[in-house]
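Reader: I'd like a close look at one part of this structure, with the aromatic side chains in mind. Take your time, and tie that part back to the whole protein if you can.

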Amino acid sequence: MYSSNSTGADGTLAINAQLNLPSGIVYDLQGDRLFFSEAGAHRIRYIKNGTIFHYAGSRTGLPGTQLGFADNLSSFNSPRGLEYHNATGDLYIADTSNQK
């Protein structure tokens with residue numbers, strides 16, 4: 001599932017997606033979602049029921065530094081590490097190249 005270019009539109013089968021440097025992987029027990037960082041595309045995505053979705057970060061593949069809680073407010077630069085807190089539903093993201 002690696003490619004130098006990321007493809008795989010949201011709402012399509014995850015098995016067909018080509019990812020750009022997939023990294024940290026965590027599982028949300030309550031929502032039954034597998035989160036992962038796609039460092040080369042500067043975003044966070046998740047898979048649920050075999051379908052891939054955008055969660056946060058770039059939709060264009062460009063890095064950024066914007067902090068925010070909503071999908072349209074956050075941007076990353078090579079996010080890698082993830083941690084999911086199942087009790088609170090919080091997703092923690094290590095934004096590697098922004099050193100955050």
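**From a loop to the ring cluster**

Author: Let's start out on the surface, with L29, which sits in the loop that runs between β2 (22-28) and β3 (33-38). One thing to keep in mind throughout is that this is a predicted model. L29 has a relative accessible area of 60%, and since anything over 50% is called exposed, that's the label it gets. L29 also has some nonpolar company: together with I25, Y27 and L34 it makes a surface patch of about 390 Å².

Zooming out for a second, the protein has 7 strands and 0 helices, so if you read along the sequence you just get β-β-β-β-β-β-β. Of its 100 residues, 39% are buried. The exposed area comes to about 5700 Å², with carbon and sulfur atoms supplying 55% of it. As for contacts with a separation of 6 or more, 32% of them are between residues 24 or more positions apart.

Now for the rings. A search of the whole structure turns up 5 aromatic pairs. In one of them, Y46 and F53 have ring centres 5.1 Å apart and planes at 25°; that angle is under 30 degrees, so the pair is stacked. Y46 also pairs with Y55, but there the centres are 6.2 Å apart and the planes are at 80°, which is over 60 degrees and therefore edge-to-face. Put the ring pairs together and they link F35, Y46, F53, Y55 and Y84 into a cluster.

Y46 deserves a second look. Its relative accessibility is 15%, so it counts as buried. On top of the two ring pairs just described, Y46 has a charge to deal with: the charged end of R33 sits over its ring, 5.4 Å from the centre.

How about the partners of Y46? Y55 is partly exposed because its relative accessibility is 31%, and F53 gets that label too, at 28%. F53 belongs to strand β5, residues 51-57. If you skip neighbours within four places in sequence, F53 is in contact with D10, G11, R45, Y46 and K48. There's a long-range relation here as well: F53 and T12 are 41 residues apart along the chain, yet their C-alpha atoms are separated by 8.0 Å.

T51 is another residue of strand β5. T51 has a relative accessible area of 17%, and with the limit for buried set at under 20%, it counts as buried. Leaving out residues up to four places away in sequence, T51 touches G11, T12, A14 and Y46. So Y46 and G11 are among the contacts of T51, and both turn up in the list for F53 as well.

Methods
Residues numbered from 1 in each chain as written. Predicted model: local features only at pLDDT ≥ 70, side-chain atom pairs only at ≥ 80, totals over all residues. Heavy atoms only, no water. Helix = DSSP H or I, 4+ residues; strand = E, 2+ residues; numbered from the N terminus. Buried < 20%, exposed > 50% of the residue type's maximum accessible area, 1.4 Å probe, protein only. Contact = heavy atoms within 4.5 Å. Patch = residues over 30% accessible without salt bridge, like charges linked within 9 Å, V, L, I, M, F, W, Y side chains within 5 Å. Areas by Shrake-Rupley, 256 points an atom, 1.4 Å probe, with all protein chains shown as cover. Salt bridge = Lys/Arg side-chain N within 4 Å of Asp/Glu carboxyl O. Phe/Tyr/Trp six-rings, centres within 6.5 Å; stacked < 30°, edge-to-face > 60°. Lys NZ or Arg CZ within 6 Å of the ring centre and 35° of its normal.
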